[in-house]
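Student: I am new to this structure and should be grateful for a close look at one part of it. Please take the division of a chain into domains, and then place that part in its wider setting.

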Amino acid sequence: MPPTPTAVTGGRTLLRLATAGSVDDGKSTLVGRLLYDTNSVLSDALDHVERVSKRRGLERADLALLTAGLRAEREQGITIDVAYRYFATPARKFILADCPGHVQYTRNTVTGSSTADVIVLLVDARNGVVEQTRRHLAVAALLRVPHVLLVVNKIDLVDYSEEVFTRIATDFALLARSLGVGETHCIPVSALEGDNVVTRSRRTPWYEGPTVLDFLESVDDTPTAVGAEFRFPVQHVIRPQNAPRAPWAASTPAVDGDYRGYAGKIESGRVRAGEEVVVLPRGRRAAIAGIDTPDGPLEAAVAGQSVVIRLNDDIDLSRGDILAATDAPPAPVRELTATVCWLAERSLAPGARVLVQHGTAITKAIVTGIEGTLDLDLGSQSRPSWVAADRLELNDIGRVRLTLASPLPIDSYREHRTTGAFILVDESDGWTLGAGMAGPSSLATVTTKDASSDLPEAPSSTHPEGGRP
Amino acid sequence: MTTEVVRPLTELQALESESIHIFREVAATFANPVLLFSGGKDSVVMLHLAAKAFWPAPIPFEVLHVDTGHNFDEVIEFRDEAVAFYGARLKVASVQDYIDDGRLTERPDGTRNPLQTVPLLDAITDGKHDAVFGGGRRDEERARAKERVFSLRDAFGQWDPRNQRPELWSLYNGRHLPGEHVRVFPLSNWTELDVWDYIAAEKINLPSIYYAHEREVINRDGMWIAVTPVTPAREGEQVEVRSVRYRTVGDMSCTAAVLSDATTVADVITEVGLSTITERGATRADDRLSEAAMEDRKREGYF
């Protein structure tokens, strides 16, 4: 039996990052540099990189190789899928979703951004803000990533020019404002040379802000979900027939045959024992009788915690139900309009039958209309616009109307990044088709000349009843 | 509403909560999950998390050990104790049985890790398991960095890294066709240090070979191999008694020890935190086979 340990990491917190950049912006080198300079690269991994670098005839270890994952990518020298990297400092642990650029950029950036607290965008100092930067920032804005960091990389190749940096930072600030993104930060960096990544560079004396790692260590890490109203999707009903002995648990369960607990993760807000909540989609009210964990009962719990909640009422909940704050609970709806990022090779057209997975609920749905797609080929304009479309193709972002088989109490994504989100799933092969964000878009409203006539209709000939109840 | 200061969850609280959420999603949406258990530290942490996820009810699925027949005695003893401690039910798939009746042939190098694949896939098929919990972590190896939390396997147990479903928010999609199953990795976002910190914080028991002990070893190709019936000293090799511990448990024929004086969790954390060798590189001889060794085995349905 090992002795009682002393806490080593104590109050270290967790921050989730996503990185995105165009090809050749040096993203892999930046990520490699962050891992390397925080001592998160261990010697055998480094040996491997040095061996491969030497074999390729490179003068020094190519840190980008640290993040090369699958064999196909190594052969082609490209990254094709989101990869997760881990590094830590005494203050924080970071989970970094490394989102490759080009081909699958929407799919990858949407995936990485969906859980990110911070998005780190890269530009090449020689090129400044480019098309891809605009697209990535638009996606981050759409997914409501709370913090945005722009890394102006390869600053060594513009002779550490303050003027170049300031111009790019100004362009980026304008772009961010036009997309409705609040605060952004820009840092001049050479990932290759290590300037301002972890250690402050003496070659940019004109820059007084934080290094990349300083920024990541100091950015506010209070999850935005904590400030939103309480939401608790019921995952699993716990009804033990008897109380099994649990010698490993800190707390002895007070279980009799009547124990009925609702297991789930608090998606947003906070909750207290004794507080009244609404049970959705039914709309009935109940009070919290207790918040149980094997570590002991809790007086209160916050977003992010997995707990077991008991109600002092005999109502029988099941998976898919949601406990919500009595203040402004989401109304269960059958008709839903949402922004959908389409992630599949097959296209989506009105009339399509899909599954909607929301929280712990899943229901059948029919696509009743596509109102338009987001035009991210921005050219000189910085604000994306919605253009008419009658289908969604891979990597499209569109406004989609859905009719649901059973009502879902779905929040607006603008206020609730978790309970406003859903995925679309193919009923026959189970593929994840799209990422949905309910309610008005974070970016812009659909502007069509005449909404009623421009909206494509579901082809009523093929689905005469349209699956409506 | 009262104005209280809300601290973000600590790293370990956040990781534990995420893992528990994953365990519950699987139990609620799959017909017949099973948890792979080797007695190794990651699988003990998995068992602990599973127990916490369903408390005060018992763990609602079986625990499966694919026994190579080359396990350290301490580990097998520990396995049975741990399964009883957490109130779980154990099933064993035995590589030795497969070798004895000719369904598998011993490899020339004597390594049995690659032989686990067939008994594992048979156990999954026979048990009609539609979800299989594994303790894999994304920080372990380059090929794992892109693994999903819910990872679909075809009827042959194969993983197709180029054809993975996108995984967004914490909305896990476990839909699969008959004959397919889903590998689920609740520890995806944990690092080796996180696992140790959690073992410390939760006072989780481990097999004794994780802590420093004296053992007869030989130094082979820079790796410390225990002298056992499976790995006897070869002609000309020098047997030494050293203070060693294991960073992973597994097939004796390809799991090496590291020199260590770490006798407590705190010692190990200090050692791991400062160590400059990744877990697999240090101790799994079979990962040295090729740069793409792990990717190959994953495609074949290895854990």
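Tutor: The domain assignment divides chain B into domain 1, which covers 11-195 + 294-299, and domain 2, which covers 207-288. The model is a predicted one. Between the C-alpha centres of domain 1 of chain B and domain 2 of chain B the distance is 24 Å. Where the two domains touch, domain 1 of chain B contributes 19 residues and domain 2 of chain B contributes 18 residues. On the side belonging to domain 1 of chain B, the elements that supply two or more residues are helix 3 (73-85) and helix 6 (192-202) of chain B. Helix 3 of chain B supplies the most to that side, namely 3 residues. Sorted by class, the side of domain 1 of chain B that touches domain 2 of chain B consists of 5 nonpolar, 8 polar and 6 charged residues.

Helix 6 of chain B merits a further remark, for B:Leu193 is found in it. Is B:Leu193 buried or exposed? B:Leu193 counts as buried because it has 20 C-beta neighbours inside 10 Å, and 20 or more is what the term requires. In sequence B:Leu193 and B:Gly39 are 154 residues apart, and from C-alpha to C-alpha they are 18 Å apart in space.

These details belong to a chain with 9 helices and 10 strands. Chain B has 303 residues, and 54% of them are buried. Of the contacts in chain B between residues at least 6 apart in sequence, 75% join residues at least 24 apart.

The wider setting includes chain A. The largest nonpolar core holds 211 residues, and those touching the most other members are A:Leu17, A:Val151, A:Val152 and B:Leu35. Helix 2 of chain B (residues 41-54) gives the most to this core, with 9 residues. Leaving aside residues up to four places away in sequence, A:Val152 touches several residues, among them A:Val123, A:Phe165, A:Ile168 and A:Val189.

Strand 3 of chain A, residues 92-99, is mostly covered, with 8 of its 8 residues buried. From this strand A:Arg92, A:Phe94, A:Leu96 and A:Asp98 point one way, while A:Lys93, A:Ile95, A:Ala97 and A:Cys99 point the other way, and all are buried. Strand 1 of chain A (residues 13-20) runs parallel to strand 3 of chain A and is joined to it by 8 bridges; A:Arg16 has A:Ile95 as its bridge partner there. Strand 2 of chain A (residues 83-88) also pairs with strand 3 of chain A, in the antiparallel sense and over 6 bridges. In that strand A:Ala97 stands opposite A:Tyr84. Strand 2 of chain A leads to strand 3 of chain A by a hairpin of 3 residues.

Chain A also contains an open sheet of 7 strands with antiparallel pairing, in the order 7-15-11-12-14-9-8. Strand 7 (231-233) and strand 8 (236-238) of chain A form its edges, each pairing on one side only. From one strand to the next the twist averages 40°. Within chain A, strand 12 (residues 284-292) and strand 14 (residues 306-311) run antiparallel and are joined by 4 bridges. A:Ile288 has A:Leu311, in strand 14 of chain A, as its bridge partner.

Technical notes: Residues are numbered from 1 along each chain as its sequence is written. Chains are lettered from A and ligands numbered from 1 in the order in which they are written. This is a predicted model: local features need pLDDT of at least 70, side-chain atom pairs count only at pLDDT 80 or more; totals for chains, interfaces and linings use all residues. A residue is buried if 20 or more other C-beta atoms lie within 10 Å of its own, exposed if 12 or fewer, and partly exposed in between; C-beta atoms are placed from the backbone. Two residues are in contact if their C-beta atoms, placed from the backbone, lie within 7 Å. Domain bounds come from an automatic or database domain assignment. Ala, Val, Leu, Ile, Met, Phe, Trp, Tyr, Cys and Pro count as nonpolar, Asp, Glu, Lys and Arg as charged, and the others, Gly among them, as polar. A nonpolar core is a set of buried Ala, Val, Leu, Ile, Met, Phe, Trp, Tyr and Cys residues joined through C-beta atoms within 7 Å. Two strands pair if DSSP finds at least two bridges between them. Axes are lines fitted to C-alpha atoms, for helices over the stretch in contact, and angles run from 0 to 180 degrees between N-to-C directions.
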